Each structure stands twice: as C-alpha cells, then as structure tokens.
Amino acid sequence: MTYGAFLIQAILISLSGVMSPGPLTVVVVGKGAKSPHAGVLIALGHGIVEFPLMALILVGLGPLLRHSVAGAIIGLVGGLVLLWMGIGLLRSLHARQSAELYKETSPLMAGILMSAGNPYFLVWWATVGATLVFRASGYGLWQLAVFAVVHWSLDLIWYFFLASASYRGTRILGERFLEGVRLVCGILLLFFGVRFILDASGGLI
C-alpha cells in the first residue's frame with residue numbers, strides 16, 4: 001500500500017473516533033456557546049495529550065493502556081472530573097454572577113482533562129490508534145509525523161465547527177439558548193461521569 005492510500009484510510013478510520021459523541025464533544029458545545037474560539041483551544045489541549053501518547057505507544061505503552069487496572073484508575077479519576085464539571089455547570093445556572101461563584105475550567109485545560117481522563121479515548125489509541133501509529137512509522141518518521149498532524153487536524157476542524165455552531169446559536173437565540181446548552185451539557189457530563197465510575201468499579205473488582 002502506498003503512503004497516500006494509507007493516509008486516506010487512516011483519515012477515514014480516525015473520523016470514526018473524532019466524530020463519536022462523548023464527554024469532549026459535550027464540553028466543546030458547552031464552552032463554544034460562550035466563545036467561538038473554544039473549539040480551537042480544546043483541540044490544543046487534546047493535542048497536548050494526544051501527541052505524547054502516540055510517541056509512548058510507539059515505544060511500547062500500548063499494552064499498559066489495555067490493562068484493566070490502568071483503565072479502571074483512569075476511568076475513576078476521569079469520572080470524578082466529569083462529575084465536578086457537570087455539577088459546576090448546573091450550579092452556574094442558578095447564579096447571574098456565575099463567573100464569580102463558579103470558576104470554570106479553561107477550554108485548554110478542559111481539553112487536557114477530558115482527553116487524559118477518558119478511558120475510551122485511551123483504549124482507542126491502545127488498539128485502533130496503535131495499529132495506525134505502527135503502520136505510519138513503517139513508512140518513516142516524517143510520514144509518522146504527517147499522520148499525527150493530519151489526525152489532530154481532524155479534531156481541530158471538528159471541534160472548531162461544533163464550537164462555532166454553538167456560538168452562533170447563542171448569538172441568534174440569546175441567553176435562553178445558552179442556559180439550555182449549559183443544562184443539557186451539565187446533565188450529559190453527569191451521565192458520562194457516573195458511567196465512567198461504574199465501568200471503572202467493575203474493572204477494580
């Protein structure tokens with residue numbers, strides 16, 4: 001297979017992970033309602049976790065990420081972070097001065113936390129992603145670097161689109177829309193948080 005054909009295949013496979021709904025998608029929509037730049041900053045935070053992860057997989061971290069105990073610990077911590085963020089969003093709905101009563105996590109930090117604390121994201125990289133990393137490295141280091149940048153660019157484009165769409169909705173429909181987005185995102189973050197913790201508890205038993 002030529003490198004060009006591999007890259008097209010890798011893009012199509014990557015899109016399945018990039019566009020899958022999850023806690024990071026929820027955070028992008030929630031923060032995008034306030035700022036059209038939130039998607040870019042979240043993508044940068046996501047990349048801060050993703051690029052080193054690809055390098056670690058290349059040197060043999062993949063099997064560790066697939067270990068049930070490691071996944072359970074990551075899921076437990078990630079679930080607690082999601083609960084904290086979800087509760088914060090819901091609490092901010094009851095305060096006009098929400099900026100003073102609730103210090104929101106920055107989009108950049110949210111991208112880091114939601115990526116590092118998502119066991120499903122890490123499992124994807126330990127399995128499907130690891131296969132792509134090893135195949136890309138077989139063509140050479142520069143080809144691996146191109147694959148890494150192209151994959152992350154898909155995240156960047158998708159999160160920018162989601163955040164921009166959420167921001168436009170807020171500008172058109174007003175404060176009510178923003179409150180609705182916060183309510184839905186808060187509930188979904190609580191749902192994902194509970195799900196992560198329950199799954200992690202099963203892995204530790």
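Let's start with Leu 58, which is found in helix H3, the stretch covering residues 38-58. Keep in mind that this is a predicted model. Leu 58 is partly exposed, with a relative accessible area of 30%, and helps make a nonpolar patch on the surface. Zooming out, the protein chain has ten helices and zero strands, and the space between protein atoms includes a pocket with a volume of about 430 Å³.

**The overall build**
- Follow the protein chain along its sequence and you get the pattern α-α-α-α-α-α-α-α-α-α.
- The protein chain has 205 residues, and 44% of them count as buried.

**The surface patch**
- Leu 58 shares its nonpolar patch with Leu 56, Val 59, Phe 134 and Leu 141.
- Together, these five side chains make a patch of about 500 Å².

**The largest pocket**
- A general idea helps here: if you roll a probe the size of a water molecule over the atoms, you see where empty space is left.
- In this model, the largest pocket comes out at about 430 Å³.
- A total of 24 residues line the largest pocket, and Gly 17, Ser 20, Asn 118, Tyr 120 and Phe 121 are the ones nearest its centre.
- Several helices pitch in with at least two lining residues each, among them H1 (3-18), H2 (23-32), H3 and H7 (107-116).
- H8 (119-139), H9 (141-173) and H10 (175-204) also each supply at least two residues of that lining.
- Which helix gives the largest share of the lining? That would be H8, with four residues.
- By character, the lining splits into twelve nonpolar, nine polar and three charged residues.

**Two pairs, far along the chain and close by in space**
- Ala 33 sits in the loop between H2 and H3.
- Is Ala 33 buried or exposed? Ala 33 is buried, because its relative accessible area is 1% and the cut-off for buried is under 20%.
- Ala 33 and Phe 177 are 144 residues apart in sequence, yet their C-alpha atoms are 8.6 Å apart in space.
- Leu 76 belongs to helix H5, which spans residues 68-92.
- Leu 76 counts as partly exposed because its relative accessibility is 32%, which falls between the 20% and 50% limits.
- Leu 76 has a partner of its own in Gly 117: the two are 41 residues apart in sequence and 8.3 Å apart in space, C-alpha to C-alpha.

Key:
Residues numbered from 1 in each chain as written. Predicted model: local features only at pLDDT ≥ 70, side-chain atom pairs only at ≥ 80, totals over all residues. Heavy atoms only, no water. Patch = residues over 30% accessible without salt bridge, like charges linked within 9 Å, V, L, I, M, F, W, Y side chains within 5 Å. Areas by Shrake-Rupley, 256 points an atom, 1.4 Å probe, with all protein chains shown as cover. Salt bridge = Lys/Arg side-chain N within 4 Å of Asp/Glu carboxyl O. Buried < 20%, exposed > 50% of the residue type's maximum accessible area, 1.4 Å probe, protein only. 1 Å grid on protein atoms, 1.4 Å probe; cavity = no way out; pocket = protein on both sides within 12 Å on 5 of 7 lines; lining within 4 Å. Points joined across faces, edges and corners; volume = space filled by probe spheres on them. Nonpolar A, V, L, I, M, F, W, Y, C, P; charged D, E, K, R; others polar.
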